[in-house]
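Biologist: I have just opened this one and would like a short tour. Can we go through it piece by piece?

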Amino acid sequence: MMLWGHKRYSGPKSVQRRLIFLLVAVFIPLSLVLFFVYRFTEQTLVSKVNEVNQFRMEQTSSRVQDLFQRIFMATNLFINDRQFLGSLDVKDPYDIEKNKIYLEAIERLQYAFFLNEKYAVILRDNNGNIYQSDTSRLGLRKEQLQERVLTIMDWEEADIFYSFKWSMIDCPQINGDSASFIVFTRWLFNPGTATKKGMISIVIPISYIQNILKNDGGHYVIENENHESLFSTQIDGDQTVEKISKSTSTHSMKQLNPTNWYLYQLESTDFLNNQLKLFSFVVFMTIVVILIIYFGIMAVVLQTTRKIFNQIRSLSKQLTSNSPNLTISIQSDYQIVELSEILRQLVHNLTTSRKNFELASTEKRKLEMQMLQQQMNPHFLLNTLSTIRFIADSTSQQRISSLILSLSFLLRQQLYRENSHWTMKEEKEYLLRYIEIQNARFGDEYKVDIHFQEETMEKVVLRMLIQPLLENCFEHAFAGKPTGWVQIFAQFKEGGMEITVQDNGDGFINRETQKSRKSIGLANVKDRLLLHYGGSAYIDIQSSPSIGTCIRVFIPDETS
């Protein structure tokens with residue numbers, strides 16, 4: 001008896017499930033589309049901003065590299081000036097001609113490489129003499145600048161291949177402030193003999209780079225090869241370099257040749273948030289409106305269907321009460337009346353099906369009785385074989401007795417073993433009895449060796465899996481051959497166990513040309529493996545004429 005609860009019936013669960021499915025199938029994908037539109041718009045805007053930043057980065061880094069190139073090329077004036085290189089050998093630090101040559105070479109820098117007057121040069125020859133240009137243009141004291149520069153003029157790795165170095169120093173100015181300066185130090189070599197003549201350091205204020213980066217208006221950081229920050233642009237407000245770096249999805253980086261420094265551009269995309277907030281609000285409100293409309297439609301649908309399904313509920317009660325006549329309310333829709341007629345037919349069909357089921361149960365019992373009777377015949381055959389074996393033992397016919405015993409064992413395994421699997425140990429025992437019968441039939445000239453790893457003996461496999469493969473060897477492989485051998489191996493491999501049956505018979509190719517019938521046993525093994533293990537198990541057959549056949553069966557580990 002169907003029990004209906006006392007709660008108010010709220011409509012069919014199937015309709016509710018379909019409405020929920022509609023929510024999942026329409027509302028969620030639509031929401032995802034709107035979300036992806038928002039994300040695409042956001043990424044497009046960020047991408048365009050990044051493209052602009054990349055263009056600015058290219059221009060700015062090019063201008064900074066041009067400054068470093070001009071400083072580097074400035075030192076070539078000293079290397080290519082033979083008069084200047086010759087004056088480096090003069091030991092007298094007060095020699096007038098020598099100091100005049102130094103002064104003229106230094107003054108040429110601003111005309112040859114467009115440097116303004118804000119630079120200083122410190123020379124040191126091999127005699128230890130030091131010449132320093134005027135530093136008042138930089139607002140520095142000579143002694144303080146010279147002290148800072150001399151600390152970086154010597155480095156252990158310096159040679160003709162590593163003859164220059166870029167550095168940055170902080171030095172107090174005359175007015176008491178501290179300023180940063182770029183120092184380019186380079187060994188001077190004789191271009192003909194490649195011998196060291198001295199060292200030169202060019203000092204320029206960091207304001208050169210500050211002005212370039214200030215014109216760009218972005219946020220930049222200069223780091224050395226050890227990723228140590230040498231310089232960063234001034235950032236207004238409460239932002240820091242670290243904060244801007246975290247809000248930046250990509251960091252543009254350029255190496256500032258010929259230095260081993262790197263220029264990083266840190267551009268935040270936070271300014272886009274205000275523009276994107278309004279768009280995200282519109283997307284959210286659209287999703288909310290769609291959700292409200294959906295639930296309104298859901299309420300209307302449930303209200304409309306509740307009346308119809310209440311009438312179906314009443315009709316179902318009449319069916320469960322075994323009422324012979326089904327009555328429908330006058331207010332019912334014509335679909336409900338039609339459903340009533342269908343249900344009447346359903347009751348009739350159910351009665352007919354019940355009678356048919358009773359007849360089928362009677363037939364099933366008759367078949368079971370016949371099967372029990374048919375089991376008497378194999379039982380009688382086994383008893384007869386036991387009698388023949390008793391007679392063979394009494395007449396000392398041990399070979400016949402052993403064969404009958406093996407045959408009885410095989411018949412019992414086939415007739416009375418209902419389970420589809422057994423262990424490899426039982427498989428081996430079955431094979432040994434089968435081999436004994438086949439040797440009696442075909443002769444002892446056909447040798448069969450079984451080599452099962454001890455670990456495989458407890459492995460559970462399909463019952464009588466190897467016997468059809470061995471039968472093929474006796475029936476087909478050795479046809480017309482006076483002798484032959486078969487070797488059967490079983491060993492564990494990665495993922496399962498491999499069984500190999502190998503013979504030295506004629507091979508499949510010769511057999512197919514001589515005989516047209518197919519190997520039923522081999523097809524049986526393939527079908528059983530496919531049914532039980534699916535595609536995880538396989539059979540690999542390799543056969544050569546007059547050499548033999550090797551069949552490998554892989555059985556997967558069912559726990560893997």
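Biologist: Is G480 buried or exposed?

Modeller: G480 counts as exposed, because its relative accessibility is 82%. Buried means under 20% relative accessible area, exposed over 50%, and partly exposed in between, with a 1.4 Å probe and protein chains only. Keep in mind that this is a predicted model, where local features need pLDDT of at least 70, side-chain atom pairs count only at pLDDT 80 or more, and totals for chains, interfaces and linings use all residues. Residues are numbered from 1 along each chain as its sequence is written, and side-chain values use heavy atoms, with hydrogens and water left out.

Biologist: Where does G480 sit?

Modeller: In the loop between α13 (467-477) and β13 (484-493). Helices (H or I, at least four residues) and strands (E, at least two) are DSSP runs, numbered from the N terminus.

Biologist: Which aromatic pair joins α12 and α13?

Modeller: The search of the whole structure gives 17 aromatic pairs. One of them is F442 with F474, stacked at 5.7 Å centre to centre and 25° between the planes. F442 lies in helix α12 and F474 in helix α13, so the pair ties together parts 32 residues apart in sequence. Rings of Phe, Tyr and Trp (its six-membered ring) pair if their centres lie within 6.5 Å; planes under 30 degrees apart count as stacked, over 60 as edge-to-face and the rest as tilted.

Biologist: Are those two rings buried or exposed?

Modeller: F474 is buried at 3%, while F442 is partly exposed at 27%.

Biologist: And why do Y446 and F478 count as stacked?

Modeller: Because their ring centres are 4.9 Å apart and their planes are at 15°. Y446 is in strand β11 (residues 446-452) and F478 in the loop between α13 and β13. Y446 is buried at 8%, and F478 is buried at 3%.

Biologist: Back to α12. How many residues does it have?

Modeller: Helix α12 (residues 424-442) has 19 residues and reaches 26 Å from first to last C-alpha, close to the 27 Å expected. That expected span is 1.5 Å times one less than the number of residues. Its buried residues include M424, Y430 and L431. G443 follows the helix, with a positive phi near 110°.

Biologist: New topic. How many disulfides?

Modeller: Zero, taking a disulfide as a pair of cysteine sulfur atoms within 2.5 Å. C171 is buried at 0% relative accessible area, and C473 is buried at 3%.
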